Amino acid sequence: MRIDIITVLPEIFTGALDQSIMKRAQQKGLAEIHLHQLRDYSTMRHRQVDDYAFGGGAGMVLQIEPIWNVIEKLKSERNYDDIIYMSPDGELLNQQIANNLSLKENIVLLCGHYKGVDERVREHLITREISIGNYVLSGGELAAAVVSDAVIRLLPGVLSDETSALSDSFQDNLIAPPVYSRPNDFKGMKVPEILLSGHEKNINEWRFNQSLERTKVRRPELLLPHSPTNNPDSL
Ligand code: ADE
């Protein structure tokens, strides 16, 4: 899978996407992340990419021209399944959306800044808008890093234990059961006996019940049929 990220702050991604699992996915050739500095596509003096909003009002707007230039260049090089604008107004990211995006070959993530992008970008270039939560970040970069991480870790071969992404919280609308590691007794705090029993069937049953109970208490909305993560239409 290839992810092209358009940003005025490419430095934010070095670190976030160059460590651990994201690094391994790229080294193994399972994912490619390409960063594009939007200013490189400006035709203005001082590589300007933003300007005042017509009609007045506070805040600068990312202009259509450099965004058009970079997206047209990318589209001339390959086909994209989705050109995604990271925006607090977008559809809320959830595990189903991450699963769905992980099946795509090539996607673009456009990071907004300031007051956002010229509306014509959204009308004519963008195929999808994604938000990572109901709060406003100072730019789309951290959101794009979140989407990239959530998607890339799902690609086959990225996680060493193939089943571990499937047993994540949210994959089945249940949050994950508790996990323990050595020592089995730490200052009198003990690991549940059943996990030491070696009975795989009983352990799986216990884990499922723990997941269900935790979901009922912590995230009951995940169990409702109209929960966004339960709704196949949200794909
Ligand atoms: N850009 C600014 N805030 C954002 C959010 N919550 N999600 C995605 N992109 C954003």
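Student: In this predicted model, where is Tyr135 found?

Tutor: Tyr135 is found in the loop that runs between strand S7 (128–131) and helix H6 (141–152).

Student: Why is Tyr135 called partly exposed?

Tutor: The relative accessible area of Tyr135 is 44%, and the term partly exposed covers values between the buried limit of under 20% and the exposed limit of over 50%, so Tyr135 is classed as partly exposed.

Student: What makes Tyr135 eligible for a nonpolar patch on the surface, and which residues form that patch?

Tutor: A patch takes residues with over 30% relative accessible area and no salt bridge, and Tyr is among the nonpolar side chains that are joined within 5 Å. Tyr135 stands at 44%, and the patch is formed by Leu9, Ile12, Tyr135, Leu137 and Leu142, with about 410 Å² of accessible area together.

Student: Which residues are the closest to the ligand, and how many surround it?

Tutor: The ligand is surrounded by 13 residues, of which the closest are Ser87, Ile132, Gly133, Tyr135 and Leu137.

Student: How do you know that Ile132, Tyr135 and Leu137 make polar contacts with the ligand?

Tutor: A polar contact requires a pair of N or O atoms within 3.5 Å. A backbone N or O atom of Tyr135 lies 2.8 Å from a nitrogen atom of the ligand, while for Ile132 the corresponding distance from a backbone N or O atom to a ligand nitrogen is 3.0 Å, and for Leu137 a backbone N or O atom is likewise 3.0 Å from a nitrogen atom of the ligand. Each of these pairs therefore meets the cut-off. As for the ligand as a whole, the protein covers 96% of the 260 Å² of accessible area that the ligand has on its own.

Student: Why is Ser87 called buried?

Tutor: Ser87, which is found in strand S5 (residues 82–92), has a relative accessible area of 6%, and because buried means under 20%, Ser87 is placed in that class. The side chain of Ser87 also reaches the backbone nitrogen of Asp89 at 2.9 Å, and, not counting residues up to four places away in sequence, Ser87 touches Arg122, Glu129, Ile130 and Ser131.

Student: Why does Pro10 count as buried, given that Pro10 lies in a loop?

Tutor: The loop in question lies between strand S1 (2–7) and helix H1 (13–16), but the class rests on accessibility: Pro10 has 16% relative accessibility, and the limit for buried is under 20%, so Pro10 counts as buried. Leaving aside neighbours within four places in sequence, Pro10 is in contact with Leu35 and Gln37.

Key: Residues are numbered from 1 along each chain as its sequence is written. This is a predicted model: local features need pLDDT of at least 70, side-chain atom pairs count only at pLDDT 80 or more; totals for chains, interfaces and linings use all residues. Side-chain values use heavy atoms; hydrogens and water are left out. Patches are made of residues with over 30% relative accessible area and no salt bridge: like charges are joined within 9 Å, nonpolar side chains (Val, Leu, Ile, Met, Phe, Trp, Tyr) within 5 Å. Accessible areas come from the Shrake-Rupley method with a 1.4 Å probe; for residues, only the protein chains shown count as cover. A salt bridge is a side-chain nitrogen of Lys or Arg within 4 Å of a carboxyl oxygen of Asp or Glu. Helices (H or I, at least four residues) and strands (E, at least two) are DSSP runs, numbered from the N terminus. Buried means under 20% relative accessible area, exposed over 50%, partly exposed in between (1.4 Å probe, protein chains only). A residue is near a molecule or strand if one of its heavy atoms lies within 4 Å of it. A polar contact is a pair of N or O atoms within 3.5 Å; within protein, one must be able to donate a hydrogen and the other to accept it, and residues adjacent in sequence count only if both atoms are side-chain atoms. Contact means heavy atoms within 4.5 Å.
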